[in-house]
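Me: I'd like to go through this model and ask how each label was earned. Give me the cut-off each time, please.

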Amino acid sequence: MRESSARQFLPHVVSAVLTAMLLALAARALLWMPPPGSLAGVEERLQLRLVPRGPLPEAPPAPATALPPAREDPAATGPAVAARPAAPEAPAGGRPALYDAEGRVVLPPGTVAAAPVPGNDGTARLDRPNPVDYRGTRFEDDWVSDGDAADVAAQAIGRGQRRIAQLLMGKDIQHAEARRPPGVAFNPARHERPSDLGSEATGDAWRAAPVASEPAPGLDGRASRSLREQVAALEREHGRCPRGRMEKLMEPVREALARLQSVEYAMAKGADPVRARHQLPSTADAAWDQGRRALWHARQQLQDCRG
């Protein structure tokens, strides 16, 4: 007895110890977080300076007879960089030209132009590059929330509880699901406690009828219709019996018929899916067995007045 109680108590102890360890780790992680004011010094070192841009220098006037340099044959001299054509003359208004003959921006002398972006026809892209160089990690699947430290601690506790459950019960955990009772043969002579089968004194002697259990033929109205037909046939066969005596014997049958009709009504009007799958079929089977056993008992009791 002590060994069995110790075995039952061991999983609770292990669960409590592991939960305490997870809470301690979460508290330690919270204590390691820097206070909100610790980044004030870093923010003070960041400075932004705006430098005013001066007027662009005038481009040197190009001679009237100046022609762009001839391009060399790349097959003969190898790869070479073509020379930029000279900047056009300034217009008559005295303002310097902003673009050259090929549509490029005229830069001041000594300015180094940025290299063209590969794969974009040699022109610079207009969209701004993403400043965050994100690279995925293998921890993305384990992350659930981007909340604060309390949410992260709750996630860690949940993961720890799942690991404990897998350690105690295995990875393949089958959740509890209600099932219908299996079919069992019914033999009143071999019943363990005959007092459970009822008696004439208590008015439930129909429980001892030797009628085997079976599922209801259908919850679409067939079960109740079959019971009503059997009741009508019994009343026709024993028409000479006193009405009060027959009504007393028909009480358990009418009770079972009422339960069957309530189940059929619930199924027809759209019952709860879980209730329609587990509870209602079992209720209908029990009412079906009660009605058939009560009919068998009534037929045996009314043999003396059969017409």
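Me: What makes Met250 in H6 a kink?

Reply: The bend at a residue is the angle between axes fitted to the seven residues ending there and the seven starting there. At Met250 in H6 that gives a kink of about 45 degrees, shortly before the proline Pro252. Bear in mind that this is a predicted model: local features need pLDDT of at least 70, side-chain atom pairs count only at pLDDT 80 or more, and totals for chains, interfaces and linings use all residues. Residues are numbered from 1 along each chain as its sequence is written, and side-chain values use heavy atoms, with hydrogens and water left out.

Me: Where is the kink in H7?

Reply: At Gln279, where the kink is about 35 degrees, shortly before the proline Pro281.

Me: What makes something a helix here, and how many does the chain have?

Reply: Helices are DSSP runs of H or I with at least four residues, strands are runs of E with at least two, and both are numbered from the N terminus. By that rule the chain has seven helices and zero strands, so its elements read α-α-α-α-α-α-α from the N terminus on.

Me: Which residues of H6 are buried, and what do they pack against?

Reply: Buried means under 20% relative accessible area, exposed over 50%, and partly exposed in between, using a 1.4 Å probe and protein chains only. In H6 the buried residues include Met246, Leu249, Met250, Pro252 and Glu264. The buried residues of H6 pack against H5 and H7. Over the chain, 19% of the 307 residues count as buried.

Me: How do you know that Cys241 and Cys305 form a disulfide?

Reply: A disulfide is a pair of cysteine sulfur atoms within 2.5 Å. The sulfur atoms of Cys241 and Cys305 are 1.5 Å apart, so the pair meets the cut-off. The count by this rule is one disulfide.

Me: Why is that disulfide called right-handed?

Reply: Because the torsion about the S-S bond of Cys241 and Cys305 is about 90 degrees. Cys241 sits in the loop between helix H5 (222–237) and helix H6 (243–268), and Cys305 in the segment after helix H7 (273–301), so the pair ties together parts that are 64 residues apart in sequence.

Me: Are those two cysteines buried or exposed?

Reply: Cys241 has a relative accessible area of 8%, so this residue is buried. Cys305 is buried too, at 10%.

Me: Why does His297 count as buried, and what does His297 touch?

Reply: His297 is found in helix H7, and its relative accessibility is 12%, so this residue falls under the 20% limit. Contact means heavy atoms within 4.5 Å. Leaving aside neighbours within four places in sequence, His297 is in contact with Glu200, Ala205, Trp206 and Leu249.

Me: How do you know that the reach of H7 is close to the expected one?

Reply: The expected span of a helix is 1.5 Å times one less than its number of residues. H7 has 29 residues, for which 42 Å is expected, and its first and last C-alpha are 41 Å apart. H4 (residues 149–169) has 21 residues and reaches 30 Å, against 30 Å expected.

Me: What makes the start of H7 a polar contact?

Reply: A polar contact is a pair of N or O atoms within 3.5 Å; within protein, one must be able to donate a hydrogen and the other to accept it, and residues adjacent in sequence count only if both atoms are side-chain atoms. A side-chain oxygen of Asp272 comes to within 3.2 Å of the backbone nitrogen of Val274, so the pair fits.

Me: Which residues does Ala165 touch?

Reply: Ala165, found in helix H4, touches Gly170 and Ile173, not counting residues up to four places away in sequence. Gly170, just after H4, takes a positive phi of about 90 degrees.
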